[in-house]
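Okay, thanks for coming, everyone. I'd like to walk you through one structure today, so please have a look at it before I start talking.

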Amino acid sequence: MPALLLILCVFSFSFQSLFTKLYNDHFRGPAGTSEPVFSVTYGIAIALATLVTGAFRFSPSPLTVLFGLLNALMLMLYNISIIRAGDLGSYSFMMIANMFGGILLPVFIGVLFLGESVSVTGIIAVVMMLTAMVLLNSGGASVKTAKKGYYLWCAVLFCANGLYGSFLNVQATLMNGLERTEMLTILFLCSSLFTVAAEAVKGRLPSVVRGYRMGAKSGIFLALCCVFAAAGANLLLYLFSVMNTDVVCTVDDGGVLVLSILYSLVLFKEKPSKLQWLGMAIAVASIVLINL
C-alpha cells in the first residue's frame, strides 16, 4: 500500500509541475505578477483543501506550529531562489542543485537526528539517482556565463528544497504521523501570508490584484495545479511517517524529473539527448532497486 501511495505522490507532483508550466505559458496578467499570484493562490488553496479533507480538525501542538512556520519560510525561500538563480545562470545546474538538496539533506538529517538507517542497496540507489539527475540535466549545465550571485542562490535553493523535505520528515516522525492537517495548513497558509507581506513592502499589491485577470486558460491550469499539489503534499507527509526518508525522497524527486522529461517529449515535442535517455534509464533502475 505505501508503494502505491508513493507512485500516486510522484504522479501528483509531476502533474503539479506540468500545470505550473502551462499556467505560466498562458498567463495574461501584468508583467512580474505571475509568481506572487501563483504563490498566494497555491498556498491558500492547499491550506483550504487540507482543512476540508481533515474535516476542519485544527489543534496544532507547539511543535507542529514551529515546523509549519519554518517550512513556510523554506517554501518562500525556494520560490525566490529558483527565480533568482534562473535569471542569473544555467537552468540545468540550478536544477541539479535543487534535486540534490531535495534528496541528500532529508536523508542526512534523518540518519543524523532521527536514527534512520540507510541500507547498502539504498545508498547505491541514491548514488544512481544523483548520477541520473546530472545526465537528465545535461546539455545546458555550463556555468561559465553565470552572473554574480548565481552560486549563492543555487546554494540557497539546495538548502531550501532539502530543509523543506527534512522539516516535513522531522514533524511526521516526532508526531508519529499525527497533526498532518495542522502542519500543512500552517505551512501553506503562512507561505501565502509571507508572500502578501513581501509584496506589500514592495508596494506591489495593486499589481498583484490585477494579476488575477490572468485569462481563463491560465486560471484553469492554476486550479489543476493546486488540486494535484494538495494531493501530493498530503501524500508526502503521510509517507514520511510510514517509509524511510531515502526511499521517499529518491523516488519522489527522481520520478517527478523523469515524468517531467517525458511530458516535454510527448506534449512539447522536445527531443531528449542520448545522455538524457541514459539518465532516464538509470533513474528507473534506481527506483526499482530502492524498492527491492
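Where is A55 found? A55 is in the loop between α2 and α3. The helix names come from DSSP runs, numbered from the N terminus: H or I over at least four residues for a helix, E over at least two for a strand. We'll come back to A55, but a bit of housekeeping first.

What you're seeing is a predicted model, where local features need pLDDT of at least 70 and side-chain atom pairs count only at pLDDT 80 or more, while totals for chains, interfaces and linings use all residues. Residues are numbered from 1 along each chain as its sequence is written, and side-chain values use heavy atoms, with hydrogens and water left out.

Okay, the big picture. The protein has 11 helices and 0 strands, so if you read along the sequence you just get α-α-α-α-α-α-α-α-α-α-α. What about overall shape? The C-alpha atoms fill a box of roughly 55 × 45 × 35 Å along the principal axes. The radius of gyration, taken over C-alpha atoms, is compared with a globule rule of 2.2 Å times the number of residues to the power 0.38. For 292 residues a compact globule would come out near 19 Å, and the protein has 19 Å, so the two agree.

Now, contacts. A contact means heavy atoms within 4.5 Å. Among contacts with a separation of 6 or more, 88% are between residues 24 or more positions apart.

And the surface: the accessible area is about 13600 Å², with 72% of that belonging to carbon and sulfur atoms. Those areas come from the Shrake-Rupley method with a 1.4 Å probe, and for residues only the protein chains shown count as cover. We call a residue buried under 20% relative accessible area, exposed over 50%, and partly exposed in between, with a 1.4 Å probe and protein chains only. On that scale, 49% of the 292 residues count as buried.

Back to A55, as promised. Its phi is near 55 degrees, a positive value in a residue other than glycine. A55 is exposed, because its relative accessible area is 63%. There's another residue to set beside it: E179 has phi near 60 degrees, again positive and again not a glycine. E179 sits in the loop between α6 (150-174) and α7. So is E179 buried or exposed? E179 counts as buried, because its relative accessibility is 16%.

One more loop residue: V118, between α4 (91-113) and α5 (120-136). V118 is partly exposed, at 28% relative accessible area. V118 and F108 are 10 residues apart in sequence, and their C-alpha atoms are 9.7 Å apart in space.

Let's move into the helices. L239 is in helix α9, residues 216-242, and L239 counts as buried because its relative accessibility is 0%. What does L239 touch? Not counting residues up to four places away in sequence, L239 touches P2, L5, L6, C9 and V248. L239 and N169 are 70 residues apart in sequence, yet 8.9 Å apart C-alpha to C-alpha.

A160, over in helix α6, is another buried one, at 3% relative accessibility. Setting aside neighbours within four places, A160 is in contact with M74, L77 and Y78. The C-alpha atoms of A160 and N71 are separated by 8.8 Å, with their positions 89 residues apart along the chain.

Then there's T195 in helix α7. T195 counts as buried at 9%, and beyond its neighbours within four places it contacts P36, S39 and V40.

Last stop, pockets. Rolling a probe the size of a water molecule over the atoms shows where empty space is left. On a 1 Å grid over the protein atoms alone, a pocket is an open set of points where a 1.4 Å probe fits, with protein on both sides within 12 Å along at least five of seven lines; lining residues have an atom within 4 Å of a point. Points are joined across faces, edges and corners, and the volume is the space filled by probe spheres set on them.

The second largest pocket has a volume of about 290 Å³. It has 15 lining residues, and the closest to its centre are E35, I80, I83, E199 and K202. Helices α2 (34-53), α3 (62-88) and α7 (180-201) each give two or more residues to the lining. α3 gives the most, with 6.

And by class? The lining has 5 nonpolar, 4 polar and 6 charged residues. Here Ala, Val, Leu, Ile, Met, Phe, Trp, Tyr, Cys and Pro count as nonpolar, Asp, Glu, Lys and Arg as charged, and the others, Gly among them, as polar.
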